[in-house]
Amino acid sequence: MKAIITLILGGVFCCMQASAQHVKFGIEVGGNWSHYKNDKSKAEQVGSMGGGFQLGGTVDYEFKHHWMLMSGLNFMQTRSSMELFHASVPYFPDTEIKMNHLNIPIKVGYNIRINESLSLIPYIGVYGSINFNAGKCDVKEGYSGKTNHWKPMDGHSYIVPTEPDFPYEYEATINAFRRWNYGAVGGMKAVIADRYTISLQYYESIKKVQKQCNLRNYGYQLSIGYQF
């Protein structure tokens, strides 16, 4: 995946150097709403989508006939909560998942010029992501009844206490989340006065970000920006 992203970005920058007048650099900032799709025998969503934020830079290249190649680099923080491992008493009934992501998208769009002051650019594409911890998260341990702290990239475990019908201790464990991930994106970007931008985007991971519970992250992003 890393090699593919490197090759694609190399091609993008070569095209940009060949015709710099068609390149637009920009900055964006905004909010996101995210959650996880899952194997329902092992996990369930808790509550609605969690709110986060993102910020970063964009690079857009317009070919002839208004086709566009769009990329950039952005930092995103996401939040959500899951119930993990179903049973009469779940092992982890309320698990906060707060993570940081460094994303590189590769998108193909088409520039629809509504008038001199407004363009709409629908697009689809793929992204690669590096994931890392965003501080401590709360995790409720179903059998102990305690609320503890954990970091998704490190995993978490606790000893399930013995019971009269099951007098043996065993360990309940959440495996660590994956460092690398990739997925698909689609959305719409509005360019106002050739300078100001508003973007609405949907993303969904293709690779499972946590294999134990078959978790795949997804969400919506709303951003405003300025391009040079």
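**Largest pocket and salt bridges**

In this predicted model, the largest pocket has a volume of about 290 Å³. Its lining comprises 19 residues, of which Glu62, Asn111, Arg113, Asp194 and Gln227 are the closest to the centre of the pocket. Sorted by class, the lining of this pocket consists of six nonpolar, seven polar and six charged residues. At least two lining residues are supplied by each of S1, S3, strand S6 (112-115) and strand S7 (118-133), and the greatest contribution is that of S7, which gives three residues to the lining.

Asp194, one of the residues closest to the centre of the largest pocket, also takes part in a salt bridge with Lys24, in which the closest N and O atoms are 3.3 Å apart. Because Asp194 lies in the loop between strand S12 (180-192) and strand S13 (196-205), whereas Lys24 belongs to strand S1 (residues 23-37), this pair ties together parts of the chain that are 170 residues apart in sequence. Both partners are partly exposed, with a relative accessible area of 39% for Asp194 and of 24% for Lys24. The two residues are, moreover, linked with Arg195 in a network of salt bridges.

Across the model, the count of salt bridges comes to seven. A further example is the pair formed by Asp60 and Lys189, for which the closest N and O atoms are 2.7 Å apart. This pair likewise links distant parts of the chain, with Asp60 in strand S3 (residues 50-62) and Lys189 in strand S12, 129 residues apart. Asp60 has a relative accessibility of 4% and therefore counts as buried, the cut-off being under 20%; Lys189, also at 4% relative accessibility, counts as buried by the same criterion.

Another salt bridge is formed between Arg79 and Glu96, whose closest N and O atoms are 3.9 Å apart, a value that satisfies the criterion because the cut-off is set at within 4 Å. Here Arg79 lies in strand S4 (residues 67-84) and Glu96 in strand S5 (residues 92-110), so that the pair, although its members are 17 residues apart, is again one that links distant parts of the chain. Arg79 is partly exposed, with a relative accessible area of 32%, in contrast to Asp60, which is buried.

Definitions and conventions:
Residues are numbered from 1 along each chain as its sequence is written. This is a predicted model: local features need pLDDT of at least 70, side-chain atom pairs count only at pLDDT 80 or more; totals for chains, interfaces and linings use all residues. Side-chain values use heavy atoms; hydrogens and water are left out. A salt bridge is a side-chain nitrogen of Lys or Arg within 4 Å of a carboxyl oxygen of Asp or Glu. Helices (H or I, at least four residues) and strands (E, at least two) are DSSP runs, numbered from the N terminus. Buried means under 20% relative accessible area, exposed over 50%, partly exposed in between (1.4 Å probe, protein chains only). On a 1 Å grid over the protein atoms alone, a cavity is a set of points where a 1.4 Å probe fits but cannot get out, and a pocket is an open set with protein on both sides within 12 Å along at least five of seven lines; lining residues have an atom within 4 Å of a point. Grid points are joined across faces, edges and corners, and a volume is the space filled by probe spheres set on the points. Ala, Val, Leu, Ile, Met, Phe, Trp, Tyr, Cys and Pro count as nonpolar, Asp, Glu, Lys and Arg as charged, and the others, Gly among them, as polar.
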